[in-house]
Amino acid sequence: MLPPLASLMDRAAATPKTVALSEGSDPRVVSAALEARKMGLAQIILVGDTSAVEAEIATQGGDLCGITIHDPDNTDLHETCAATYAELRAKKGVTLETAAKLVRDPLIFAALLVRLGHADGTVGGAVATTSDTVRAALHVIGKAPDAAIVSSFFLMCLPADHPLGEPAMVFSDCGMVIDPDANELAAITQQAAASFASLMGDTPRVGMLSFSTKGSARHPNVDKVTQALALVQAAAPDLAVDGELQLDAALVPSVAAAKAPDSDVAGEANVLIFPNLDAGNIGYKMAQRFGGATAIGPVLQGLAKPANDLSRGCVAEDVLAMIAVTAVQAST
């Protein structure tokens, strides 16, 4: 196991939280749930049909000790969940009758468990799409009171022999906000810095990326990054952040010395902010496929309580890592 993941799991185990997994009968999810229980990472709730969940646990040679099953079709919480969801979505025309049907959706039900305090966070997306997973979180859990936007990041764990020498980095936003304006990019930057600090327990050094370094090119897309930088510096003067930086200037000391010699961040960034989703999505996948990084995410930031997404191509180890991330988020 990579050191950043081991550290995350140690922190999760130190103050175990309750995590609801919305796809509770999926073999990958059950495998991760059993391992999380064994490691003491979290108290686990598996959401799904009781018989299907129990059958999968039995198939994997496990038992229910330390694991709770919540069946949305057969639960004492149904009336409370329906009433809560109807109240949350009343302005969108959702009646109590409609809510009673909708809360049987495992994604919505798991988010309601968090909203109602039965769980500290939720993880989904092994089967459901990202849009459905995020929508449930936004509709039920909602933004944190002080959040300007809900965005996402990937925790990129680098191989031990990687030339950058960083154990892990945060890439944001690579999974949610398609084309942020300067204000949104500034909010994403501050959220990503806070996420790095809370998950890694280290000081963030934030590089705001562009195809230009310190005025080497002129374009409205570059202006957006520099405007966002000014907003971040005004709002968080103690944060180590700089831009606009090309990727090599943000990461490679020799390039930084030539292109941005007066920067305190260039050449040493551990948080990378991408100017749009095109760049972010391509960037994290190149780091994963070409650079050998392990990508954990997309992890959501800016919500009132943790709710996180999985790739539909995930394996049990990915689910386990996301349980740990969610538990640590809930502890900070």
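These legends accompany close-up views of a predicted model.

**View A. An open sheet of 5 strands, paired in parallel.** Let us start with the strand order, which runs β3-β2-β1-β4-β11. At the edges sit β3 (67–70) and β11, each of which pairs on one side only. From one strand to the next, the twist averages 25 degrees.

**View B. Strand β1 beside β4.** Here we zoom in on one pair from the sheet. Strand β1 covers residues 17–21, and its parallel pairing with β4 extends over 3 bridges. Which residue of β4 is the bridge partner of Leu21? Look for Val123, which takes that role.

**View C. Helices α2 and α13 packed on the sheet.** Helix α2 (residues 27–39) touches β1, β2 (42–47) and β3. The direction of α2 makes about 155 degrees with that of β2. Helix α13 (residues 316–331) also packs on the sheet, where the strands it touches are β1, β2, β4 and β11. Taking β1 as the reference, the direction of α13 makes an angle of about 135 degrees with that strand.

**View D. Helix α1 packed against helix α8.** Two packed helices are described by the angle between their axes and by the distance between those axes. For α1 (residues 3–14) and α8 (residues 182–200), the angle is about 75 degrees and the axes lie 9 Å apart. Because angles of 65 to 115 degrees count as roughly perpendicular, α1 and α8 are roughly perpendicular to each other. On the α1 side, the contact is made by Pro4, Leu8 and Arg11. Helix α8 contributes Ser198, Leu199 and Met200. Sorted by class, this contact of α1 with α8 has 4 nonpolar, 1 polar and 1 charged residues.

**View E. The cavity found in the structure.** Rolling a probe the size of a water molecule over the atoms shows where empty space is left. How many cavities of 30 Å³ or more does a search of the whole structure find? The search gives 1, and the volume of the largest cavity is about 90 Å³. The lining of the largest cavity is formed by 14 residues, and those closest to its centre are Leu107, Thr122, Thr133, Ala137 and Ala307. Two or more lining residues come from each of α6 (106–115), β4 (121–124), α7 (130–140) and β11 (307–309). As for its make-up, the lining has 9 nonpolar and 5 polar residues, with no charged residues. You may recognise β4 and β11 from View A, where they belong to the open sheet.

Key: Residues are numbered from 1 along each chain as its sequence is written. This is a predicted model: local features need pLDDT of at least 70, side-chain atom pairs count only at pLDDT 80 or more; totals for chains, interfaces and linings use all residues. Side-chain values use heavy atoms; hydrogens and water are left out. On a 1 Å grid over the protein atoms alone, a cavity is a set of points where a 1.4 Å probe fits but cannot get out, and a pocket is an open set with protein on both sides within 12 Å along at least five of seven lines; lining residues have an atom within 4 Å of a point. Grid points are joined across faces, edges and corners, and a volume is the space filled by probe spheres set on the points. Helices (H or I, at least four residues) and strands (E, at least two) are DSSP runs, numbered from the N terminus. Ala, Val, Leu, Ile, Met, Phe, Trp, Tyr, Cys and Pro count as nonpolar, Asp, Glu, Lys and Arg as charged, and the others, Gly among them, as polar. Two strands pair if DSSP finds at least two bridges between them. Axes are lines fitted to C-alpha atoms, for helices over the stretch in contact, and angles run from 0 to 180 degrees between N-to-C directions. Contact means heavy atoms within 4.5 Å. Angles under 35 degrees count as roughly parallel, over 145 as roughly antiparallel, 65 to 115 as roughly perpendicular and the rest as oblique.
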